[in-house]
Amino acid sequence: MTGLGSVNSNYSNSQYYYLMPNNNTISHTYKENAEEQIPEKTILTAGLLQAFAIFLHKASKWCGNKLMGGKEFTNADNINKVAQDMVNKNKLNVNVDFIDSNNIRKYPQALQAELGPVARGENAFYTDRFKLAVAPKSKPSLILHELGHAINAHKGKFLKALQKSRIYVSAVPTALLILNGMFKQKDNNPNFVERNAGIIGFAAFLPTIAEEGLASIRGIKAARETLGKSINLAPLKRNYFFAWLTYLIAGIGLGVAAKQSLIENKR
Ligand SMILES: [Zn+2]
């Protein structure tokens, strides 16, 4: 979906594997009017980080718009054929559906909130719990990425662990804050945690970035296998690249948020 600004915090929800990150869990609220004496350098760094966080937010929206504005690489029938092949060849126990404002009502109330953005053509997701992969009827090709997640969930412990890691990422800034307190140095010089908060935050997101990329690669490979070499996969690759970029940006955003939480703590 396009909205990093949406209020729902599904982004760190283990149940749903979205095409794009789904909220602003990682963007950090900022305290204003700190009264104590703060070193000028800290204020400057905080300001720069905040500006960078805003830039990332905009960049992510831009990628989301690029993705959703991109063309479909083939028609809905062909996409459905690829999707069914992915399900059958991998023996997935997953229902595949293409959502619009009409068929959304057949789903239980609990799912309808999650399906709203899908019906509006803003996102797609796979959920392990409901064994369901959905894409917008207006953008069916997104289903192949979601089935890529379903295959990842199905293929052994390592990939499953990569997937599950995203449950914890939103806790990273707080965890670093606690670690930083534990390793406070007597001379008040920055310790390892403080010096590397940004890179540690980003590193925590790397498994998610990798798993997202792999889900797309599986979708692209399946399209080639089912539809043959004559089909032009360039529009699909382009769309998936922009989707992946939103996760890369979210990872950088987590690094920024981690750094911000430590700086804020200093104030
Ligand atoms: Zn995804």
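Which residues of helix H3 (residues 109-119) are buried? Keep that question in mind as you look through these close-ups of a predicted model.

**View 1. The buried residues of helix H3 and the strands they pack against.** In helix H3, the buried residues are Leu 111, Glu 114, Leu 115, Gly 116, Pro 117 and Val 118. Their packing partners are four strands: E1, E2 (95-99), E3 (125-127) and E4 (132-136). Follow the chain just past the end of H3 and you meet Gly 121, which takes a positive phi of about 75°.

**View 2. The zinc ion and its donors.** Tyr 18 contributes an O atom, His 145 and His 149 each contribute NE2, and Glu 212 appears twice through OE, with distances of 2.1 to 2.8 Å. Along the chain, these donors are spaced as Y-x126-H-x3-H-x62-E. Because His 145 sits in helix H4 (residues 142-154) and Glu 212 in helix H7 (residues 192-227), the pair ties together parts that are 67 residues apart in sequence. Are His 145 and Glu 212 buried or exposed? Both His 145 and Glu 212 are buried.

**View 3. Helix H4 against helix H5.** Here H4 packs with H5 (residues 156-164) at an angle of about 125°, and the two axes are 6 Å apart. That angle makes H4 oblique to H5. On the H4 side, the contact uses His 149, Asn 152, Ala 153 and His 154, while H5 supplies Gly 156, Leu 159, Lys 160 and Gln 163. You can sort the residues of this contact into two nonpolar, five polar and one charged. You may recognise His 149 from the zinc view, where its NE2 atom is a donor.

**View 4. Helix H2 against helix H7.** The angle between H2 and H7 is about 105°, with their axes 9 Å apart. This makes H2 roughly perpendicular to H7. From H2, the contact takes in Asn 78, Lys 81, Val 82, Asp 85, Met 86 and Lys 89. From H7 come Arg 218, Gly 219, Ala 222, Ala 223, Glu 225, Thr 226 and Leu 227. By class, the residues of this contact are five nonpolar, three polar and five charged.

**View 5. A closer look at Asn 78 in helix H2.** Why does Asn 78 count as buried? Its relative accessibility is 16%, and buried means under 20%. Setting aside neighbours within four places in sequence, Asn 78 is in contact with Leu 227 and Ile 231. Try finding Ser 141 too: Asn 78 and Ser 141 are 63 residues apart in sequence, yet their C-alpha atoms are 9.4 Å apart in space.

**View 6. The whole chain and its confidence.** Stepping back, you can count eight helices and four strands, and along the sequence they follow the pattern β-α-α-β-α-β-β-α-α-α-α-α. Of the 267 residues, 50% are buried. Among contacts between residues at least 6 apart in sequence, 72% join residues at least 24 apart. The average pLDDT is 87, and 88% of the residues score at least 70. Confidence is highest in helix H2 (residues 76-89), at a mean of 98, and lowest in strand E1 (residues 16-18), at 83. Look also at residues 1-12, where the pLDDT is below 50 and the stretch has 45 contacts in the model beyond near neighbours in sequence. Residues 24-32 also have a pLDDT below 50, with 26 such contacts.

Methods: Residues numbered from 1 in each chain as written. Predicted model: local features only at pLDDT ≥ 70, side-chain atom pairs only at ≥ 80, totals over all residues. Heavy atoms only, no water. Donors = N, O, S within 2.8 Å, 3.2 Å for Na, K, Ca; no water. Helix = DSSP H or I, 4+ residues; strand = E, 2+ residues; numbered from the N terminus. Buried < 20%, exposed > 50% of the residue type's maximum accessible area, 1.4 Å probe, protein only. pLDDT = per-residue confidence, 0-100. Contact = heavy atoms within 4.5 Å. Axes fitted to C-alpha atoms, helices over the stretch in contact; angles between N-to-C directions. Parallel < 35°, antiparallel > 145°, perpendicular 65-115°, else oblique. Nonpolar A, V, L, I, M, F, W, Y, C, P; charged D, E, K, R; others polar.
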